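Biologist: Please look closely at one part of this model, its nonpolar surface, and then follow the chain inward from there.

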Amino acid sequence: VQGSLADVIRNKNFPIQGAVYKGDSLDLIPATPALSNVERELVGQTNSELRLSRRLQELQNQYEVFILDCPPTFGPLMN
């Protein structure tokens, strides 16, 4: 794994496949402490709340279900 969820959200040119950890029966994109900074960085940017959704669309043909483990906040990333 070359990146994390923070990299995927921050950088639209970061290859999302580079952040996917392929497990035996579960694939995941890991979060790191850097994700806590992403929300602050995106404040005031147009459509920033759609970044994760748009990036996950790149994987929609490979998976039937996405499960998001969200932090206990109602900030812009969770809209």
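Modeller: V1, Y21, L26 and L28 make a nonpolar surface patch of about 410 Å² in what is a predicted model, where local features need pLDDT of at least 70 and side-chain atom pairs count only at pLDDT 80 or more, while totals for chains, interfaces and linings use all residues. Residues are numbered from 1 along each chain as its sequence is written, and side-chain values use heavy atoms, with hydrogens and water left out. Patch residues have over 30% relative accessible area and no salt bridge, nonpolar side chains being joined within 5 Å and like charges within 9 Å; a salt bridge is a Lys or Arg side-chain nitrogen within 4 Å of an Asp or Glu carboxyl oxygen. Areas are Shrake-Rupley values with a 1.4 Å probe.

Of the patch members, Y21 sits in strand β1 (residues 21-22) and, because its relative accessibility is 44%, counts as partly exposed (between buried, under 20%, and exposed, over 50%). S4, by contrast, counts as buried because its relative accessibility is 5%. S4 lies in the segment before α1 (5-10) and, neighbours within four places in sequence aside, is in contact (heavy atoms within 4.5 Å) with A19, I29, P30 and T32.

Helix α2 (residues 35-42; helices are DSSP H or I runs of at least four residues, strands E runs of at least two) has L35, V38 and L42 as its buried residues. These cover an arc of only 30° around the axis, and therefore lie on the same side of α2. Their cover includes α1 and α3 (51-57), and after α2 comes G44, with a positive phi near 90°.

Definitions and conventions: Buried means under 20% relative accessible area, exposed over 50%, partly exposed in between (1.4 Å probe, protein chains only). The arc is that of the directions from the helix axis to the C-beta atoms.
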